[in-house]
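Reader: Could you walk me through this protein slowly? I am new to reading structures and would like the terms explained as we go.

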Amino acid sequence: MSFPVLVKAQEFLNDTTLVRPATDSLTQDTLKTNTSSDFLDAPVDYNAKDSVNVDKPGQMVYLYGDARVDYTDITLVADYIQLNMKTREVYAKGLPDSSGTIVGKPVFTQGSESFESKTITYNFNSKKAMITGVISEQEGGFLHSEKTKKHADGTIDMKDGKYTTCDAENPHFYLALTKAKVIPNDKIVSGPAYLVVEDVPLPLIIPFGFFPNQKTQASGILIPEYGEEKNRGFFLKNGGYYLALSDYFDLAVTGDVFSNGTWGVGVRSNYRVRYRFNGGLNVRYYKNVAGDLDLGTYTRSQDFSVRWSHRQDAKSNPSSSFAAQVNLSSSSYDRNHSFENENYLTNTKQSSISYTKKWAGTPLNFSGSLSHSQNSANKTMNLNFPKLAFNVNRINPFRQLSSSTEDKWYKNIELSYSAKLENRINTYDSLLFTPAVFDDMKNGFQHDIPLTANFKPFNNFNISPRIKYTGVIYTERIEKEWDENFIDPETGQVTPTLVVDTIEGFQYAHAYLPSIGMSLNPRIYGMYQFKNQESRVVAIRHVMTPALGFNYTPDMSKWSPNYYDTVQVDTTGRTSVYSYFENGIYGTPSLNGRSGSVTFSLNNNIEMKVRSDSDTTTDFKKVKLLDNLRFSTSYNIFADSMNLAPVSMSGYTTLFDSKFKINFSGTFDPYALDANGRKYNAFEVGNSGKPFRLTRFNVGIDFSFRSREKSGGSQASGSAPNRELDMGPDEMDSQLQETEKQVISQTMSTMYPGYVDFNIPWSLSVRYNFNYTRPGFDSKITQTLNFNGKLKLTPKWQIGVTSGWDFEKNTLSYTSMNIFRDLHCWEMRLSWIPIGYHQSYSFSINAKASILKDLKYKKQKSWYDN
């Protein structure tokens, strides 16, 4: 009869002197040692599921079936355990089952360390162990050893071992170690070793090996990668030194060098303070050398790149936040040094560094930011630093004047305040770090105090009176004058021209601007129901949302300073009104006279109600035919002529469960063109022409398709074999159909090698854009077509293709193909760009684990050689 037994082993111990150990070596299975005490530090608890046999005269205990021994922080579990109370040793191993397979192998656990082995002998006094067939995990890698000795300090001596990052019981690859020593939380040092792949030894032999075995970061040398390029020659890249400065941040300094003289240096750092913030910085600088000095094509240039990302934990400080996303580089950096597709296909970059602060319980808030945008095609760069803003959110100053709950008109009056300061620079990247970058800096300060109210005489109608005070500080002003005697400095001839004089110095301009606005926003519904009960279409609903607005600002020139003047602009005597501050970043605070406009817009939504595929008569679904078809324009009531603004149109719709998306927009100019290309009103009496000219039209079509997910799925290992007994008739019929499909697919693949099973995961996305512009007599059409697809042949094979069509050159645009193969502990990648300026390929097979990142084979042709 099987029964669990729990016994204290301390009673078996006696005062017999322990045997002095022999020489401590791996080849001798001696674990004993001298000790000043014959007693153990704690009791040894043991139990077994099947039986416990105690031999008191021999001071032996034999445990069978799920045996377990516990001593202090040590736990040993196995199918068979033998305790020797005389030598203070425990021996464990697995036992064969009915099929002859060894089960219940020993599992030794001490603290956080645990491993499985074939056999183990452990001495409680010396804390040493002799182990065979052990597999242990060592900080990202696995150690297999046929014969291992574990010392009291945790150091391990091993013979005929394997080191691998593959977690399979029989690893797909490993470094065969003749002998090695493992120092916990430090390193693994081995003697001669060689590489074995799929049990085939390779002629890759190393005289010794060194593997980090630390849980914490450690400083060290970064081994460079080597190679050759046709234009830049032999190279060493990404070599340098890594500094583990603390638990919160690190630093790596790397360098690249090419045999043609090109060199570069990089600094990168990552930092993280838990629950507060984290981020990373990457700065690179290159000195480029190209061409041949003897042929006169020798050139030198510089490239740089700065990337910084900073994120603050939202819970660290709810009242303030700091964030940064910086991507700044020279215009030629990506062309010369980037090998990522998305980088050299993008011409624009943006950066932002921002700080916000809110004062709890008050309407006050502050923000500051630095921003940047650049275009690598024309090498322009726009900087905005710093941009500061202080705001007081809307308050109702008169709401507390009356304790009555009645809604008084003055309770809706709102007051707010806003102030902003900006500095803007528009320059080229070549001038970024030179004093000339500040020559064209524009800056200014503006603050506004608006006092507004909102009244609703009836539904959908609003009246909004407003008065706003605006003040602006400028650093310069302009004055224009027509000079009949102007002498051209280049020709020396008298050339009448318009002279613009810039007067530097701080100046303050302000204005009071009262205005009133009115808006009407009704909503109109239309419905058409189909009487045919057999029709799938039940009804069509049309929702129209017209909007009518009116805005008026009176002429305040009598109550505000005049910042406008009139100047002659050509030899015909034609004059024009200009502002002294028209070049300022905030414009002029006051208006030149009065202003007023009427705005019109109309939104349309059309939906269709259809019956679903089910047989029920109450199951319906909605299908959108047009989503937000919008028309809008405005009318300037005080303009001398051509009061109507261009009419804008836009719309959006989706088809086939949002797989097919269409968005479009256009602009119609209500005025015709004469023979000289000047606009005129064709609606006036005596005029003729074509009004409402289409000046712009854009349509974008996106559609994406993917394979349906396979029904059912593979049966999990260990599941009940008679699952069919629990199935209903419908479920069983569905599984039989799926099984029949799989059998047919396998049969067709065997009989016809060219047969392709399309019941595999795939996806396809296509984007087409058509843009038409005709502001005058000449029109221009621009078309783009891009598509990408993925095909997963098996769970481990994946193919991806990205391409497009160049309608101007009638050829394929940028095209790339990527093939990936998951090899369990290895991976294979093939990237191929077959055409274009970046024509290149890259093939690599490498181990997945980062600790063995240099264990790889790589073959590539760089686009830099084109």
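Author: Let us begin with a term: two residues are in contact when they have heavy atoms within 4.5 Å of each other. Please keep in mind that this is a predicted model, in which local features need pLDDT of at least 70 and side-chain atom pairs count only at pLDDT 80 or more, while totals for chains, interfaces and linings use all residues. Residues are numbered from 1 along each chain as its sequence is written, and side-chain values use heavy atoms, with hydrogens and water left out.

Reader: Okay, so which residues is S316 in contact with, leaving aside its neighbours within four places in sequence?

Author: With those neighbours set aside, S316 is in contact with Y275 and R276. The C-alpha atoms of S316 and R276 are 5.1 Å apart in space, although the two residues are 40 residues apart in sequence.

Reader: And where is the place of S316?

Author: S316 sits in the loop between β26 (299-312) and β27 (320-329). Strands here are DSSP runs of E with at least two residues, helices are runs of H or I with at least four, and both are numbered from the N terminus.

Reader: Does its side chain touch anything polar, and what does it make a polar contact with?

Author: The side chain of S316 makes a polar contact with the side chain of Q312 at 3.4 Å, and a polar atom of the S316 side chain also lies 2.7 Å from the backbone oxygen of D313. A polar contact is a pair of N or O atoms within 3.5 Å; within protein, one must be able to donate a hydrogen and the other to accept it, and residues adjacent in sequence count only if both atoms are side-chain atoms.

Reader: Why does S316 count as partly exposed?

Author: S316 counts as partly exposed because its relative accessibility is 32%. The cut-offs are under 20% relative accessible area for buried, over 50% for exposed, and partly exposed in between, using a 1.4 Å probe and protein chains only.

Reader: What about S560, is that one buried or exposed?

Author: S560 counts as buried, because its relative accessibility is 9%. S560 is placed in the loop between β37 (537-553) and β38 (564-568), and, leaving aside its neighbours within four places in sequence, S560 is in contact with A511 and Y512.

Reader: Let's switch to strands. Which side chains of β23 are buried?

Author: In strand β23 (residues 251-258), A252, T254, D256 and F258 point to one face and are buried, whereas L251, V253, G255 and V257 point to the other face and are not. In a regular strand the side chains alternate between the two faces of the sheet.

Reader: Which strands does β23 pair with?

Author: Strand β22 (residues 233-243) pairs with β23 in the antiparallel sense over 7 bridges, and G239 stands opposite G255 in β23. Strand β24 (residues 263-273) is also antiparallel to β23, and 6 bridges join them, with T254 standing opposite G266 in β24. Two strands are said to pair if DSSP finds at least two bridges between them.

Reader: How many residues lie between the strands in the hairpin of β23 and β24?

Author: There are 4 residues between the strands of that hairpin, and G261 takes a positive phi near 110° there.

Reader: New topic: how many salt bridges are there?

Author: The count comes to 19 salt bridges, where a salt bridge is a side-chain nitrogen of Lys or Arg within 4 Å of a carboxyl oxygen of Asp or Glu. One of them joins K480 and E582, whose closest N and O atoms are 2.8 Å apart. K480 lies in strand β34 (residues 461-483) and E582 in the loop between β39 (575-579) and β40 (595-611), so the pair ties together parts that are 102 residues apart in sequence.

Reader: Any others, for example which residue does E607 form a salt bridge with?

Author: E607 forms a salt bridge with R541, with the closest N and O atoms 3.4 Å apart. This pair links distant parts of the chain, with E607 in strand β40 and R541 in strand β37, 66 residues apart. E607 counts as buried at 18% relative accessibility, while R541 counts as partly exposed at 30%.

Reader: And how many helices and strands does the protein chain have?

Author: The protein chain has 3 helices and 54 strands, and of its 866 residues, 32% count as buried.
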